[in-house]
Amino acid sequence: MNYRAIRAIYLFEMARTWRTLLQSIVSPVVSTSLYFVVFGAAIGSRISEVEGVSYGTFIVPGLIMLSVLTQSIANASFGIYFPKFAGTIYEILSAPISYFEIVLGYVGAAATKSIILGLIILATAGLFVPLHILHPVWMLTFLVLTAVTFSLFGFIIGIWADGFEKLQMIPMLVVTPLTFLGGSFYSINMLPPAWHTVALLNPVVYLISGFRWSFYEIADVSPSISIGMTLAFLLICLAIIWWIFRTGYRLKN
Amino acid sequence: MSSIISVANLSKTYGSGFKALKNVNLDIKRGEIFALLGPNGAGKTTLISIICGIANPSEGQVIVGGENIQTSYRKARSLIGLVPQELHTDAFETVWATVSFSRGLFGKPKNPAHIEKVLKDLSLWDKKDNKIITLSGGMKRRVMIAKALSHEPQVLFLDEPTAGVDVELRKGMWEVVRTLQQSGVTIILTTHYIEEAEEMADRIGVINKGEIVLVEDKATLMQKLGKKRLTLHLQGKLDVLPDSLAHYKLDLCDSGATLVYDYDTKGDRTGITSLLSDLRNAGIRFNDLDTTQSSLEDIFVDLVRTS
């Protein structure tokens, strides 16, 4: 294992975060705070409790997931796309480093940033609404699993994209709508039966549901199904990345 | 001298069906400076990319320092430093950070003394804290060389190292390359500047349309394929050559004012003595004469044309 190479990539990517602190950390925190103001305070004050917790408190896990999902994808996709765009990928490909180590460096850094961001948003939420976490270990497990899985997904997008437009396309057109429709701001049990069934096809539902369960023991689906779905998505992403490196897709051809 | 790189039956066909390399066989000797010449699209960069692990070969194998680049890629790649043709740099990093990053990427422990030496050798020490975006093109090129040398490679690939670099800087770069060779590094360079190969290389390979056309010691190549030209500046203009000189294949140039005679340097007899004697017998006199040797560029152009 080339630990020094993994460390070099990881620290290089983390250094980029500190260089672009405003864009990486401050901006998502500001937008999440705005969500609290709009949905939590303004609209939430007119909504009664959802499944036993106040609306403002109810949306906290969903809002954290919303940021973690989008930032994981953005961090990882940009992390690998930029060396491709700038041409510096030649150095990664010619270094004595395995594909697994490359992924570990890039995805590890992207996931770390997202986890830090998720925890910052959690702390920010504590300023707006009363919070309690019933299963902190499971909360962290869901947070880490989601950050890693969607960083892998972002890594795939970064390899696939051959322009900045494509880099934005999947997150904007697929991930954001799925996240909004995945129960960030509501329980899918509030939907009519037909739409409830449709909502269960949305993989993000399982992530948010599991994450919310770790906070309040409120879940749209069983936590074990949530963790199973997250792991399944993680394995699918790993399989695609394995195929990318085996074939050299958009890297070595 | 033993081989440090051995390329055997190497072919590369891109997805579009374009054959960039066709059954290439090549050995690079340890410690030499090898110049790979070829026109645009000849396959130079593809060959380097495969050896360095950036592109996958379609067929064949490459051994670097006794290690197969595919089955033992870690050991093979750790021996190689690559300076690509384009100026690919991390614009917002400092010189020190980007060179240190390269060393880490190649699995080497931190060694600030080595990085300092590399930067000083390349006249980059006073720029070590500058962001790369603030550097000139020539400096960026040197940063890329520093990155390639950061992990102490045994083989250094320089793909068009002096492209777009001014004459003074180019000569400085040649000095750097010579110093590296003296320290035991094997250097493979591709170039469009024939004078660069002529100036620096121990051996020269010519690649055209994905095939190695020739590999030869530079001196032998010059001797084998180099032609000399004798130019005689006549006292009076000639309209036609006398029949007694017909078998010399002379060219009458400058409206009959000069006679040009090409001869082979590898031949035992150049024919100059008998030519001068026959000229005197024919009553043709000359004011001056000069001889020139064909350059590597002439040889290269001839080779590419005939291949």
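**Two chains, examined by question**

Mentor: Buried residues make up 36% of the 307 residues in chain B. The model is predicted.

Trainee: What makes a residue of chain B count as buried?

Mentor: A residue is buried if 20 or more other C-beta atoms lie within 10 Å of its own. In chain B, 36% of the residues meet that cut-off. For chain A, the buried share is 46% of 253 residues.

Trainee: Why is chain B called more spread out than a compact globule?

Mentor: Chain B has 10 helices and 14 strands. The globule rule gives 19 Å for its 307 residues, but the radius of gyration of chain B is 24 Å, well over that value, so chain B is more spread out than a compact globule. The C-alpha atoms of chain B fill a box of roughly 80 × 45 × 40 Å along the principal axes.

Trainee: How do you know whether chain A agrees or disagrees with a compact globule?

Mentor: The same kind of test applies. A compact globule of 253 residues would have a radius of gyration near 18 Å, and chain A has 19 Å, so the value agrees. The box for the C-alpha atoms of chain A is roughly 60 × 35 × 35 Å.

Trainee: Which elements make up chain A?

Mentor: Chain A contains 10 helices and 0 strands. Its pattern along the sequence is therefore written with α alone, as α-α-α-α-α-α-α-α-α-α.

Trainee: How do you know that α2 and α5 of chain A touch, and which residues make the contact?

Mentor: The axes of α2 (residues 21-43) and α5 (residues 99-128) of chain A come within 10 Å and cross at roughly 35°. Residues count as in contact if their C-beta atoms lie within 7 Å. Among those that make this contact are A:Ile25, A:Val29 and A:Phe36 of α2(A), with A:Leu117, A:Ile121 and A:Phe128 of α5(A). By class, the contact has 9 nonpolar, 5 polar and 1 charged residues.

Trainee: What makes the crossing of α2(A) and α5(A) left-handed or right-handed?

Mentor: The turn of the near helix from the far one decides: clockwise, by less than a right angle, is right-handed. The crossing of α2(A) past α5(A) is right-handed.

Trainee: How many residues of each chain are in contact with the other?

Mentor: 27 residues of chain B are in contact with 20 residues of chain A. On chain B, the elements giving two or more residues to that side are α2 (73-78), β6 (80-83) and α3 (95-105). The residues on that side of chain B divide into 13 nonpolar, 9 polar and 5 charged.

Technical notes
Residues numbered from 1 in each chain as written. Chains lettered and ligands numbered in written order. Predicted model: local features only at pLDDT ≥ 70, side-chain atom pairs only at ≥ 80, totals over all residues. Helix = DSSP H or I, 4+ residues; strand = E, 2+ residues; numbered from the N terminus. Rg over C-alpha atoms; globule rule 2.2 N^0.38 Å. Buried ≥ 20, exposed ≤ 12 C-beta atoms within 10 Å, placed from the backbone. Contact = placed C-beta atoms within 7 Å. Nonpolar A, V, L, I, M, F, W, Y, C, P; charged D, E, K, R; others polar. Axes fitted to C-alpha atoms, helices over the stretch in contact; angles between N-to-C directions.
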